[in-house]
Amino acid sequence: QFRTGINESQVVRQAELLVSSGLAAAGYECVNLDDGWMAPERAANGELTGDAAKFPHGMAWLADRIHELGLRFGLYTAIGSRTCQALPASWEHYDQDAQTFASWGVDFVKVDDCGGLPKGTTVDALTEHFREFGVRLREHNPDVVYSQELPIHQICKPSFRSSVQASAESAHMWRVAHDENPLSHDYAYPMILGHLAAVVDLHPFAGPGHWNDLDMIAPGYPASGWTLADLRNQLSVWAMEASPLLIGADIAALPPDALAALKNPHMIAIDQSGEQCSTVIMNGLVEALVKPDPDGGVAALFVNLGTGAAAGRFPLSQLGLTSARASGYDVWTGETTTFSEVSVTLEARLSLIHISEPTRQAEI
């Protein structure tokens with residue numbers, strides 16, 4: 001949101017808004033700085049430092065301020081010698097940077113895959129560098145969350161799946177899709193479908209403590225022309241695929257309906273249920289993704305893969321239910337109904353519902 005113009009007062013303001021908006025109470029509890037926070041060069045002793053013009057009190061002070069609000073604090077670096085914005089990154093400084101981050105009280109570290117890798121660096125060598133950085137981070141702070149981007153430059157290459165597997169063995173979360181780019185409303189739906197396609201068969205690598213990361217949420221509503229439906233579509237995909245929920249937006253600019261969508265307790269429960277969707281069913285041009293729901297029954301996401309309106313019919317048995325009839329509610333509208341099969345007609349959007357067996361009443 002703030003790109004390389006990010007500064008101390010903006011970070012504190014976003015943290016305060018995270019609390020006052022109710023987002024922190026809903027579970028959004030970590031304030032992460034992305035690229036642009038560091039000084040143009042390392043200090044004389046080789047340490048990373050914050051840009052003194054942007055962060056006059058220093059990064060340890062900022063971490064303390066975030067912690068005082070009951071939140072956690074995250075920072076960004078890159079695996080190469082330079083970040084994507086050509087600032088100092090962590091190549092050959094893994095232990096030093098891990099020690100620095102721990103001394104500042106950093107709870108979350110994102111390691112990008114860009115900038116200044118030696119010519120000829122192989123995927124295997126890069127994989128080892130990411131693994132080594134994770135080891136160093138945990139040595140100095142066993143509770144740190146390690147987020148990294150090893151797979152992102154392997155997308156569409158034979159090494160993609162093996163890089164995801166390697167990431168799952170060394171990190172808590174790893175990017176598996178390109179950056180969210182909120183260009184316009186017209187671009188939102190195909191981009192969200194592209195992110196869904198990127199992760200739908202990667203469920204074997206996801207589970208408690210290690211997750212496929214689809215990138216940030218809410219980057220385009222309303223500033224870039226996204227609609228509320230676009231935001232709900234995005235959140236529906238992230239929830240079914242158990243992608244971590246990281247808001248990439250100015251909280252002060254989010255209207256009440258966006259905040260309500262981000263805090264939707266049913267969506268959050270589906271996202272945080274402990275597993276990524278592993279069941280995909282097709283009927284015509286409608287795709288159904290299904291996974292057990294923490295409230296009981298199942299969560300089902302219906303996706304229109306066509307270019308116009310599309311209809312699909314799904315017997316309850318296909319959705320993993322044994323009853324002849326079930327009740328369900330739309331996670332976004334609260335509309336509830338009882339049915340013997342799910343029949344949907346979708347425009348260019350998705351529909352996320354919770355379905356309960358008759359013995360459990362759906363909660364609205």
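This is a short guided walk through a predicted model, stopping at a helix, a few single residues and two empty spaces.

Let us begin with helix α7, which runs over residues 185-199. Its 15 residues cover 22 Å from the first C-alpha to the last, close to the 21 Å expected at 1.5 Å a residue. Look for its buried side chains and you will find Ala-188, Tyr-189, Met-191, Ile-192, Leu-193, His-195, Leu-196 and Val-199. As background for reading such a list, an α-helix has 3.6 residues a turn, so residues three or four places apart point the same way. What do the buried residues of α7 pack against? Their partners are one helix, α8 (228-240), together with the strands β6 (211-213), β8 (286-292), β9 (298-304) and β14 (350-356).

Next, turn to the start of the chain and find Ser-21, in the loop between α1 (8-20) and α2 (23-26). Is Ser-21 buried or exposed? Its relative accessible area is 15%, and because residues under 20% are called buried, Ser-21 is buried. Setting aside neighbours within four places in sequence, Ser-21 is in contact with Ile-251, Leu-259 and Lys-263. One of these, Lys-263, lies 242 residues away along the chain, while the C-alpha atoms of Ser-21 and Lys-263 are separated by 9.7 Å. Ser-21 also has a partner closer to home: a polar atom of its side chain lies 3.3 Å from the backbone nitrogen of Leu-23.

A second serine invites a visit. Ser-159 sits in the loop between β4 (145-148) and α6 (160-170). With a relative accessibility of 16%, Ser-159 counts as buried. Apart from residues up to four places away in sequence, Ser-159 touches Val-123 and Gln-154.

From there, move to Arg-65 in helix α3, which spans residues 59-68. Arg-65 counts as partly exposed, because its relative accessibility is 23% and partly exposed residues fall between the limits of 20% and 50%. Which residues does Arg-65 touch, if those up to four places away in sequence are not counted? They are Val-12 and Glu-16. With Glu-16 there is a polar contact between the two side chains, at 3.2 Å. For a sense of scale, try looking from Arg-65 across to Leu-235: these two are 170 residues apart in sequence and 30 Å apart in space, C-alpha to C-alpha.

Now for a detail of the backbone. Most residues other than glycine have a negative phi, and most peptide bonds are trans. Against that background, Arg-3 is worth a look, with a positive phi near 50°. Arg-3 belongs to the segment before α1, and at 65% relative accessibility it counts as exposed. Ala-242 also has a positive phi, near 55°. You will find Ala-242 in the loop between α8 and α9 (256-263). Is Ala-242 buried or exposed? At 4% relative accessibility, Ala-242 counts as buried.

The walk ends with empty space. Rolling a probe the size of a water molecule over the atoms shows where empty space is left. How many cavities of 30 Å³ or more does a search of the whole structure find? The search finds one, and the largest cavity has a volume of about 30 Å³. Around the largest cavity stand Ala-98, Phe-101, Ala-102, Val-106, Val-109, Leu-137, Asn-141 and Val-144. Seven of the lining residues are nonpolar, one is polar and none is charged. Helix α4 (residues 94-104) gives the most to this lining, with three residues.

The second largest pocket holds about 320 Å³ of space. It is lined by 18 residues, and those closest to its centre are Asp-330, Thr-337, Val-344, Ser-351 and Ile-353. Which elements give two or more residues to the lining of this pocket? They are β11 (326-330), β12 (336-339), β13 (341-346) and β14. Of these, β13 gives the most, with six residues. The lining of the second largest pocket divides into seven nonpolar, seven polar and four charged residues. Strand β14 brings us back to the beginning, as one of the elements that the buried residues of α7 pack against.

Technical notes: Residues numbered from 1 in each chain as written. Predicted model: local features only at pLDDT ≥ 70, side-chain atom pairs only at ≥ 80, totals over all residues. Heavy atoms only, no water. Helix = DSSP H or I, 4+ residues; strand = E, 2+ residues; numbered from the N terminus. Expected span 1.5 Å × (residues − 1). Buried < 20%, exposed > 50% of the residue type's maximum accessible area, 1.4 Å probe, protein only. Contact = heavy atoms within 4.5 Å. 1 Å grid on protein atoms, 1.4 Å probe; cavity = no way out; pocket = protein on both sides within 12 Å on 5 of 7 lines; lining within 4 Å. Points joined across faces, edges and corners; volume = space filled by probe spheres on them. Nonpolar A, V, L, I, M, F, W, Y, C, P; charged D, E, K, R; others polar. Polar contact = N/O pair within 3.5 Å; in protein donor to acceptor, adjacent residues only side chain to side chain.
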